[in-house]
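Trainee: I would like to go through how the terms in this model are earned. Could you start me off?

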Amino acid sequence: MFKNALIISDNLPLCQQFFSLIEKKKISTTKFTFSTSPFTNKDSFMVSDKVEVKVYNLKDQNAIDEIIANYDLVFSIHCKQIFPADLVEKVKCINVHPGYNPINRGWYPQVFAIINDYQIGATIHEIDKELDNGHIIARAFVDKEVYDTSESLYNKVIAKEIELLEEHLESILENNYNAFAPESESNLYLKKDFNQLLHLDLSEETTVGKVIDKLRALTHGSYSNAYFIDEKTGKKIYVGIQLKPENDERG
Ligand code: 0FX
């Protein structure tokens, strides 16, 4: 049984849901400490008014030494820092990933799942020295529809992450689970791959299907993602897309 778990995250809503889960399950044998990265504003990272949030810079060896000395389990719940080898070799580190490993390793998995028509889901896995590559503890697919945007698909993935945590948290805390190696290296996309998608070349010849897929992959709430350049002003003009199945009651 792990006694002292550290959660490190840059995603507040997910941490709030994780906190609610711990409360709901009334886990008393493990103490949970929440923390965030130096570039996330600690004061607005209000997991709960019962929780004090720490800050850990994983590039700072003193921070790593402090984590190794004080915690026997670390959860990365969408932490945007790389976990150094020293940490993952000395403490059990577990990642909650918004993709189905190994199909959707890396950055913004649902974006690449839409563009490349990959299946997608969520994964809980042990962290090793490679990105989203460690032994898999649990994973599950979500349904991807032709009318999903990045945002609607992301919301399904986040719900699946919470579902997997709900199902597997106790066995993780008891160190009583069967993890297995990913079947292959499969696909890995990085932030730079996402950034390369954003500029739409107005003279590119392609199919309507590909244009729709690209736009729905880059439509996510109020984020300004896909754009073309207005030749007259030189300004970026941001583009999104709305999709609505017939007889759909939404909006
Ligand atoms: O926390 P997170 O949901 O996840 C990201 C990576 O996708 C994940 O692989 C990594 N393990 C984790 C540490 O960081 O990211 P987010 O909250 O910054 O963004 C959520 C979604 O919002 C993202 O999947 C796509 C969308 N988004 C976000 C930004 C900042 C956009 O479409 N455009 C943006 O500029």
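Mentor: Gladly! A polar contact is a pair of N or O atoms within 3.5 Å; within protein, one must be able to donate a hydrogen and the other to accept it, and residues adjacent in sequence count only if both atoms are side-chain atoms. The model is predicted, so local features need pLDDT of at least 70 and side-chain atom pairs pLDDT 80 or more, while totals for chains, interfaces and linings use all residues. Numbering starts from 1 along each chain as its sequence is written, and side-chain values use heavy atoms, without hydrogens and water.

Trainee: What makes glutamine 110 a polar contact of the ligand?

Mentor: A polar side-chain atom of glutamine 110 lies 2.8 Å from a ligand oxygen atom, so the pair falls within 3.5 Å. Lysine 80 also places a polar side-chain atom 2.8 Å from an oxygen atom of the ligand, and for glycine 106 a backbone N or O atom lies 2.7 Å from one.

Trainee: Which residues around the ligand are closest?

Mentor: Of the 15 surrounding residues, the closest are Lys80, Gly106, Tyr108, Tyr154 and Asn225; here a heavy atom within 4 Å is what counts as near.

Trainee: How do you know that both domains take part in the shell?

Mentor: Domain 1 (4-189) and domain 2 (192-238) each give at least three residues to the shell. Those bounds come from an automatic or database domain assignment. In addition, 17 residues of domain 1 are in contact (heavy atoms within 4.5 Å) with eleven of domain 2.
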